[in-house]
Amino acid sequence: MLEIEKEIQTTIRCIIDKRLMAMKAGETSNNNEDFLGILLESNTKEIEQHGNKDFGMTTTEVIKECKLFYFAGQDTTSVLLVWTMILLCLHPEWQVRAREEVLNVFENEKPHFEGLSRLKIVTMILYETLRLFPPLPTFGRTNKEEVKLGELNLPAGVILIVPAILVHYNKELWGEDAKEFKPERFSEGVSKATNGQVSFIPFGWGPRICIGQNFAMMEAKMAIAMILQKFTFKLSPSYTHAPVEVVTIHPQYDAPLLMCKL
Ligand code: HEM
């Protein structure tokens, strides 16, 4: 594990060094428009403005940000897509509705940003998938100060686990059919579906809410739209339903799907 960590650090450090050298040499390329490019550029400006290195981020901090964005954004979005496809196989009527919508909006064109915001059924399906299979089923908080929570007195520094998945399956919040896949719950958006309560938290909540949530939704809509446009799909008979949590929730025995070109 330590060796892997070291290798990741060295790889990212090499990329950063190359970028910094290119920036110093005044090279401009499309490379500077990605996450790392923007981060390094704003960091360099911050250091230059204050005239000393006590400001801005250190290279180690930049490496940490790169790792965070990569790991926070990669697996979460990919398991969302996997569960969406599994649920669309288990509920083929929703697969048909979603495809109809995608074909109505894009016909055979490549899905584009403007059209993604018109995908109402697809958005409802993604929200319902996030409710039933929140990629991060739990997330943590630590209280800085002593706090009273209901009947509990928590001393400072307690690690609290917020069980998003239990909130999502709570019958008092979601009704007797809480365990069922019913995208129609979200037909009028999240705040109507939740009655304004904090009962839908796949991206966390509060000041540390997922910074990539809009990007993730856009990415997921784009991917699902492209798949629905080209394929119908169903579960292979070898599929075994076994959600398991290893940081994110995924299907323990994978998700073998039979894809059929339209
Ligand atoms: C379906 C996809 C995703 C899900 C379900 C998800 C979920 C979450 C959750 C639950 C948190 C913790 C929030 C908290 O502690 O309250 C989080 C944090 C974070 N996510 Fe996401 N995320 C997703 C995609 C992404 C993407 C695509 C990116 C980046 C492009 C991203 C970047 C981050 C970052 C940087 C944080 C830490 C924010 C902070 O601590 O201030 N996430 N995400």
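**Notebook: aromatic pairs and a nonpolar patch**

I began with leucine 68, which I find in helix H3, residues 59-90; the model I am reading is a predicted one. I then looked up the surface around this residue, and Leu68 turns out to make a nonpolar surface patch of about 410 Å² together with Phe35, Phe69 and Ile211.

Next I turned to the rings, and I note that the structure holds seven aromatic pairs. One of them joins tyrosine 70 and phenylalanine 71, with 5.3 Å from centre to centre and 85° between the planes, an edge-to-face arrangement. I checked how far each partner is covered: tyrosine 70 is partly exposed at 48% relative accessibility, and phenylalanine 71 is partly exposed as well, at 49%.

I went on to phenylalanine 186 and phenylalanine 200, whose ring centres lie 5.1 Å apart; their planes meet at 55°, so I enter this pair as tilted. The two residues are 14 apart and the pair links distant parts of the chain, since I place phenylalanine 186 in the loop between helix H8 (171-174) and helix H9 (190-194), and phenylalanine 200 in the loop between H9 and helix H10 (213-230). Are these two phenylalanines, 186 and 200, buried or exposed? I find both of them buried.

Following the ring pairs further, I see that Phe186 and Phe200 belong to a cluster that also takes in Tyr127 and Trp174. Last, I looked at what sits over the ring of tryptophan 174, and recorded the charged end of arginine 131 there, 5.1 Å from the ring centre.

Note on methods: Residues are numbered from 1 along each chain as its sequence is written. This is a predicted model: local features need pLDDT of at least 70, side-chain atom pairs count only at pLDDT 80 or more; totals for chains, interfaces and linings use all residues. Side-chain values use heavy atoms; hydrogens and water are left out. Rings of Phe, Tyr and Trp (its six-membered ring) pair if their centres lie within 6.5 Å; planes under 30 degrees apart count as stacked, over 60 as edge-to-face and the rest as tilted. Buried means under 20% relative accessible area, exposed over 50%, partly exposed in between (1.4 Å probe, protein chains only). Helices (H or I, at least four residues) and strands (E, at least two) are DSSP runs, numbered from the N terminus. A charge sits over a ring if NZ of Lys or CZ of Arg is within 6 Å of the ring centre and within 35 degrees of the ring normal. Patches are made of residues with over 30% relative accessible area and no salt bridge: like charges are joined within 9 Å, nonpolar side chains (Val, Leu, Ile, Met, Phe, Trp, Tyr) within 5 Å. Accessible areas come from the Shrake-Rupley method with a 1.4 Å probe; for residues, only the protein chains shown count as cover. A salt bridge is a side-chain nitrogen of Lys or Arg within 4 Å of a carboxyl oxygen of Asp or Glu.
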